[in-house]
Amino acid sequence: MALINKTKKFIFIGNARCASTSMYKELGNISVNDETVWGGNGAPPNEYHMSLNDVLNQYSDFKNYFKFGFIRNPWARFLSAYFDFKKPTHCLCEQVSKYESFESFCLNFTKDSVSNDIHYLPLYNQITVGGKIGLDFVGKFENISKDFEKATEMFGSKTKLNIHFRKTNTSQNYKDYYNEETKNIVAEFYKKDIELFGYEF
């Protein structure tokens, strides 16, 4: 589940494909001697990437803690997920690898059950409560180093993000993988993310 630090009084919402594993690692390091509520890196995906709303419903005693998480450009995040989930080590490998190309995956995405998986859900679902952003700090993946330092400074443990697990290894810009049709499919699916966070293709 999300990392709740009862000593430093913060809640971290680890959104999928937003470097959550890297941040969990760093936050775990600074929480070694603290009292925490956390399922660890081996937690099931729906707990590992638990939404803020679910956390607050389950742990209402901590609703006044400092809450933070990260968002990411939907087109870049979607492509990153595609590449990572094609790896045989990932639980979604079979569902994603059955498509012969990224374009084919995009064209069939909304009709495939994979679109309901926690790894692909819009981040709007993850960080809003009653339709409003419920986090005290929303960092951007595109500014991850500075924003992570800023967030951790807010609860008195300023920390650099020194690692990046499961980074997408591609030299091409994410825009190069899309055509007009696939760009619009992603835009429609993540419409609320784009509007709420001000992202553009």
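This briefing walks through a sheet, the helices packed on it, and two buried loop residues. The model is predicted. At its centre here is an open, mixed sheet of 5 strands, ordered β3-β1-β2-β4-β7. Helices α1 and α8 both pack on that sheet, and Asn-15 and His-119 are the two loop residues to look at, both buried.

**The sheet**

- Reading across the sheet, the strand order is β3-β1-β2-β4-β7, and the pairing is mixed.
- The edge positions go to β3 (36–37) and β7 (137–140); each has a single partner strand, so one side of each lacks a neighbour in the sheet.
- β1 (residues 3–5) and β2 run antiparallel to each other, paired over 3 bridges.
- One place to find that pairing is Asn-5, whose bridge partner in β2 is Phe-10.
- Helix α1 sits on this sheet and touches β1, β2 and β4 (66–71). The direction of α1 makes about 155° with that of β2.
- Helix α8 (residues 144–154) also packs on the sheet, where its contacts are with β4 and β7. Its direction and that of β7 make an angle of about 160°.

**Strand β7 at the edge**

- β7 runs parallel to β4, and 4 bridges join the two.
- Phe-68 has Phe-137 of β7 as its bridge partner.
- Side chains alternate along β7: Phe-137 and Gly-139 point to one face and are buried. Val-138 and Lys-140 point to the other face and are not buried.

**Helix α8 and its partner α1**

- Which residues of α8 are buried? They are Ile-144, Asp-147, Phe-148, Ala-151 and Thr-152.
- Look down the axis of α8 and these buried residues fall within an arc of 130°, so they line one face of the helix.
- The cover over them includes α1, β4 and β7.
- For the helix-on-helix part, α1 and α8 pack at about 35°, with axes 13 Å apart.
- The crossing of α1 past α8 is right-handed.
- On the α1 side, the residues that meet α8 are Met-23, Glu-26 and Leu-27. Their counterparts in α8 are Ile-144, Phe-148 and Thr-152, and those three are also among the buried residues of the helix.
- After α8 comes Gly-156, with a positive phi near 80°.

**Asn-15, in the loop before α1**

- Asn-15 lies in the loop that links β2 (10–13) to α1 (20–30).
- Is Asn-15 buried or exposed? Its relative accessibility is 1%, so it counts as buried.
- The Asn-15 side chain reaches the backbone oxygen of Phe-70 at 2.9 Å.
- Leaving out residues up to four places away in sequence, Asn-15 touches Ser-20, His-49, Phe-70, Leu-123, Gln-126 and Ile-127.

**His-119, in the loop before α7**

- You'll find His-119 in the loop between α6 (102–108) and α7 (123–127).
- His-119 has a relative accessible area of 7%, which means that it is buried.
- Which side chain joins that of His-119 in a polar contact of 2.5 Å? That is the side chain of Asp-117.
- With neighbours within four places in sequence set aside, His-119 is in contact with Ala-16, Pro-45, His-49, Arg-77, Phe-85, His-90, Cys-91 and Leu-92.
- His-49 turns up in the contacts of Asn-15 and again in those of His-119.

Methods
Residues numbered from 1 in each chain as written. Predicted model: local features only at pLDDT ≥ 70, side-chain atom pairs only at ≥ 80, totals over all residues. Heavy atoms only, no water. Buried < 20%, exposed > 50% of the residue type's maximum accessible area, 1.4 Å probe, protein only. Polar contact = N/O pair within 3.5 Å; in protein donor to acceptor, adjacent residues only side chain to side chain. Contact = heavy atoms within 4.5 Å. Pairing = 2+ DSSP bridges. Axes fitted to C-alpha atoms, helices over the stretch in contact; angles between N-to-C directions. Arc of directions from axis to C-beta. Left-handed = near helix turned anticlockwise from the far one by under 90°.
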